[in-house]
Amino acid sequence: MSFTLLTAWRDARSQHQRLLLCAISIVFGVAALVAINSFGDNLRATMDKKALTLLGSDLRFASRTPFSTRAEVFFEQLGGEQSRETRFNSMALFPTTNDTRLVQIRSVDGGFPFYGEFETDPAGIDVAGASEPIAIVDPVLLALFELKPGDPMTIGQQTFTIAGAIVEVPGESAFAGLFAPRVYIPSEYLEATGLVGYGTIAFHRVDFKLPPGADADIIAANAKLLLDEERIQYNTVATKKKDLGQSLENLYRFFNLIGMIALLLGGVGVAGAVQAYLRGKLEAVAVLRCLGCSVGAACRVFLWQVLAVTFVGALIGALLGVIAQVWLPAVIGPLLPFEIESFVSWPRVFEGLGFGWLIAALFSLLPLLPLRRISPLRALRASYQPQRKFDPLVAMVWAVIGVLLVGYCAAQTQTPWHGGAFAVGLGVALIIFTAAATLLRKVLSLAVGRGGSYVVRQGLANLHRPNNRTLFLVVTLGMGAFLIQTLFLIQGVLLSDTELVDSDTEPNVLFFDIQSDQLNDFTAIVESEGLTVADSAPIVTMRLAAVNGRSVTEIKSDRGQKIDEWILNREWRSTWRTEPSVTEEVIAGEFVGQWDGLREPVPISLELDMSKDLGVGVGDTLTFDIQGLPLQCKVSSIRKVDWKRMRPNFFAVFPEGVLEGAPTWHITFVRAPTPKALATLQRKVVEAHPNISAVDLSVVLDGLRDILGRVSFALRFMASFTLLTGIVVLASAVITSRYQRYRESVLLRTIGASAAQIRAIMAVEYLAVGLLAGVVGALLAWAAAAGLAIWVFETNAPVPIWGTIATIIVTTALTLATGLANSRGISNSPPLAVLRAEAAN
Amino acid sequence: MSESDQSANPAPVLEAIDVRKSYASAHGSLEILKGVDFRLSAGETLAIVGPSGCGKTTLLGLCAGLDNPSSGSIKLQGVAWDSMTEDGRAAYRNRHVGFVFQNFQLIPTLTARENVLAPLELRGERGVGHLADEWLAKVGLSDRQDHYPIQLSGGEQQRVALARAFINDPKILFADEPTGNLDPETGARIEELLFALNRDHGATLVLVTHDHDLAARCQRRLAMRSGQIAQLNA
């Protein structure tokens with residue numbers, strides 16, 4: 001064994017605890033990466049395995065209008081097997097309990113699913129092939145109204161018998177029926193409901209099991225022109241997998257960034273712990289140099305130690321990651337349309353282990369490389385310090401860390417500049433913490449005089465005298481507080497939509513599909529219940545036909561166009577108003593409230609984000625196809641809309657006097673003071689007008705909260721890795737500085753300082769460090785969260801006054817508590833015992 | 001012997017030529033050594049004495065190649081330290097130089113035996129454990145070879161340091177106040193041992209000391225004051 005390896009081993013024998021401190025910071029970061037990456041592999045493997053069942057068929061076409069004859073001719077040419085579904089929302093009445101509920105009706109025929117299994121309870125119910133009016137329903141309905149198989153339910157004018165509950169539909173998650181529970185009925189009885197007809201918003205779908213050899217993607221690609229012109233959307237196994245994969249990939253990447261934060265924080269902790277460890281080795285290095293050890297060999301002795309111990313840390317992290325991975329499917333599983341098969345992905349385990357080790361090793365090099373500058377003269381004179389010079393190797397290590405960080409972050413975010421900004425942001429934060437710590441030292445060195453309490457003076461002096469740990473402590477603690485608080489603030493921003501309207505004055509039920517001739521009667525029913533209509537709007541459905549003279553078909557065929565397909569394909573529901581509503585603010589142009597008939601171009605007001613997506617502004621023209629009639633419009637104003645308020649909000653608002661002649665239905669918002677009043681109103685409306693649907697907004701909010709709660713839990717689960725790393729780094733930082741405070745504390749004890757005085761000196765020191773780290777960390781987190789909210793999540797910046805105060809208090813208190821907990825041994829033991837223990841270390 | 005008489009001596013083991021050393025400080029350049037010249041022949045013993053802060057330890061460090069002078073030159077066995085790279089100087093020290101420090105400077109995490117072996121292991125020698133055993137026996141610590149420095153008294157630590165200094169059979173031994181941290185009785189024993197080992201092995205000895213008795217045992221005495229040689233005699 002070489003001298004350096006042998007000495008590294010020998011030197012490490014009595015250094016287990018200190019070396020462990022160097023490694024422990026990295027554990028949770030590696031665990032997070034391994035857990036996330038392994039889980040990502042599980043997701044991909046499961047998706048590959050269940051690819052066919054994701055769609056349940058080879059090819060699917062869907063349209064918001066019944067398929068045209070041209071489309072039907074095309075479908076007939078495809079051959080194979082077909083299965084049809086018509087899907088729409090409607091109110092269902094449950095005569096057993098006299099309750100009503102908005103449900104999603106799915107009338108089906110044919111053999112769907114062709115792949116996978118439509119599971120029901122009791123098993124094997126074939127609703128498509130049923131010759132009686134039966135229905136299978138989401139289990140939530142059975143639970144909600146205490147229903148059981150055999151009970152009746154009325155949809156429109158037809159009563160169905162509940163045959164059982166849905167267990168699993170291929171390609172759908174457990175949340176598919178969250179807002180409007182799913183109800184499957186035989187298509188044979190669709191017409192009998194009387195609900196599908198003019199003015200109904202229904203989705204029409206046809207699924208194909210293609211003949212052998214037919215390629216769904218090629219068929220769809222060849223038919224692109226027809227599909228565009230007929231506004232038919234298609235899905236194949238490949239597109240479904242891509243769409244699903246994309247959204248899961250985004251979630252996975254976000255989690256990965258969180259893991260990276262934990263790893264980076266751990267890296268900073270490793271650097272600090274190694275620096276503290278090596279400070280005790282400077283004389284040993286000098287002695288080795290005196291004995292004839294080369295610079296490289298002297299450094300290698302400690303490099304081997306650090307590499308070995310960080311490997312152990314990364315290994316423990318990898319093992320923890322494998323264990324944590326088992327929990328992730330339970331956390332995220334219900335959000336997915338399939339059950340994840342959990343297995344240990346060894347390549348990912350090794351990747352996380354290797355990457356974590358690399359990061360730890362690079363951060364270790366930062367304090368290790370300056371060992372090369374240790375002069376052997378130090379063995380003669382401990383105070384000998386060579387002049388500090390710029391070290392190109394240290395700069396190179398920083399550069400490598402920077403490149404790795406930018407590369408990793410850019411790879412993990414969909415938009416490369418997001419990744420770059422994330423990395424640059426971390427770099428800027430590091431500089432700010434360094435500047436804050438330097439400033440603190442400078443200020444203290446100038447401000448701490450000879451007056452005042454000795455304890456306070458000594459505590460503050462500890463922060464600016466030679467060999468202080470102020471910079472390391474402020475950077476590690478501050479970065480920890482900053483990263484964790486940013487994570488929590490962003491989580492709050494992401495979940496802020498759950499705070500929609502929950503006030504006592506806002507409407508809490510929405511009625512839609514009210515035909516014009518039903519409006520007066522509907523209003524009368526509302527008023528007969530002692531309630532009033534809070535807001536109402538007429539709606540005319542239309543499609544976008546052209547933008548600034550370019551037809552939608554032309555735009556779609558242009559590969560360079562940047563307008564999302566969903567905007568070009570969507571059915572616009574627009575209204576007319578004489579003035580902007582309470583949820584709208586005109587930010588450009590002039591809102592035109594009155595217009596003279598169909599004189600073109602008609603001035604319309606466009607919503608801000610939609611104008612951005614379409615790339616149009618005031619003065620640009622849009623052509624709409626209103627039920628077959630083209631109408632040229634000119635954008636006269638741009639509106640900012642508060643979508644969080646449950647009011648009738650629209651992308652396009654027309655002036656009065658234009659759309660009145662078009663087929664119209666209405667949407668109204670009502671405030672019902674109690675659940676009972678709400679139920680009574682819904683029942684009376686459904687009884688009188690079965691086609692009118694109602695959405696209980698509190699149910700929508702509950703559903704949203706349920707989903708966001710799960711997302712929030714998943715976020716917290718991942719954030720816990722960062723939190724744990726933060727705590728470990730904090731403890732490690734404080735413990736390593738304890739070693740440094742040992743000698744002077746013992747000296748103070750020797751010359752008569754009481755244990756309380758020593759504790760007070762340390763308390764002053766840790767209080768100042770914790771406070772500075774907390775204040776800078778919390779303010780930086782505020783700034784970072786505001787930046788992310790505005791530029792990445794495109795929402796309002798948070799104003800976390802209490803969160804900021806809490807972060808400052810928690811960081812300070814944790815630093816103080818950890819510091820004092822670690823000083824117990826010093827302040828309570830007899831000086832001699834401590835001296836001997838210190839010497840042994 | 002006066003300075004002019006030295007030219008009559010055989011080739012010197014150690015030669016200092018107009019050695020100057022200064023350090024940057026907050027108040028400008030601080031000159032520690034202001035032109036030091038002397039020669040030392042093989043087997044001679046030299047004591048460097050003088051008040052604190054006169055540059056004794058700095059001169060010793062420069063003679064041992066632990067740093068470069070700001071100007072002037074120091075040659076060991078005819079080879080100038082400044083003609084070698086940092087690692088070259090380290091390798092040269094490993095082969096030809098021994099060290100004894102005031103505060104012993106044993107590596108705390110190595111046992112006594114491992115500390116003694118370090119110089120040989122550093123140059124990759126194997127199967128040399130018996131040499132450490134022999135040296136520990138010579139200094140009377142055979143029964144303490146597996147003890148860590150913390151488990152040894154000051155005198156015992158300095159004896160381990162002596163064994164470590166001599167194990168590579170150095171041509172020259174540098175000692176920085178070798179008895180400075182020891183009580184008189186222990187100091188005297190270490191002193192005896194140092195000179196006995198030096199005599200047995202024919203090494204040149206350069207030591208820094210405040211102890212007049214110790215200085216008197218050396219053949220030559222170099223007295224320093226304010227970074228300059230105040231007196232150099234035999």
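This is a short tour of a predicted model, going from chain A to the place where chain B touches chain A.

Start by selecting chain A. Chain A holds 26 helices and 21 strands. Of its 841 residues, 54% are buried. Colour the surface of chain A by atom type: its accessible area is about 35600 Å², and carbon and sulfur atoms account for 60% of that. Among contacts in chain A between residues at least 6 apart in sequence, 82% join residues at least 24 apart.

Next, show chain B together with chain A and select the residues in contact. The selection should contain 33 residues from chain A and 32 residues from chain B. The size of an interface is often given as the accessible area lost when the parts come together. Here the buried area is about 2800 Å², with 60% of it from carbon and sulfur atoms. Now pick out B:T109, B:L122 and B:I150, which supply 20% of the area that chain B buries against chain A, more than any other three residues.

Turn to the charged pairs. Across the interface of chain B and chain A there are 3 salt bridges. One of them to select joins A:R13 and B:E114, whose closest N and O atoms are 2.6 Å apart. The interface also has 9 residue pairs in polar contact.

Last, colour chain B by its elements. Those giving two or more residues to the side that touches chain A are β1 (14-25), α1 (56-63), α2 (86-96) and α3 (112-122) of chain B. The largest share, 6 residues, comes from α2(B). By type, this side of chain B divides into 15 nonpolar, 8 polar and 9 charged residues.

Notes. Residues numbered from 1 in each chain as written. Chains lettered and ligands numbered in written order. Predicted model: local features only at pLDDT ≥ 70, side-chain atom pairs only at ≥ 80, totals over all residues. Heavy atoms only, no water. Contact = heavy atoms within 4.5 Å. Buried area = accessible area lost by both parts, 1.4 Å probe. Salt bridge = Lys/Arg side-chain N within 4 Å of Asp/Glu carboxyl O. Polar contact = N/O pair within 3.5 Å; in protein donor to acceptor, adjacent residues only side chain to side chain. Helix = DSSP H or I, 4+ residues; strand = E, 2+ residues; numbered from the N terminus. Nonpolar A, V, L, I, M, F, W, Y, C, P; charged D, E, K, R; others polar. Buried < 20%, exposed > 50% of the residue type's maximum accessible area, 1.4 Å probe, protein only. Areas by Shrake-Rupley, 256 points an atom, 1.4 Å probe, with all protein chains shown as cover.
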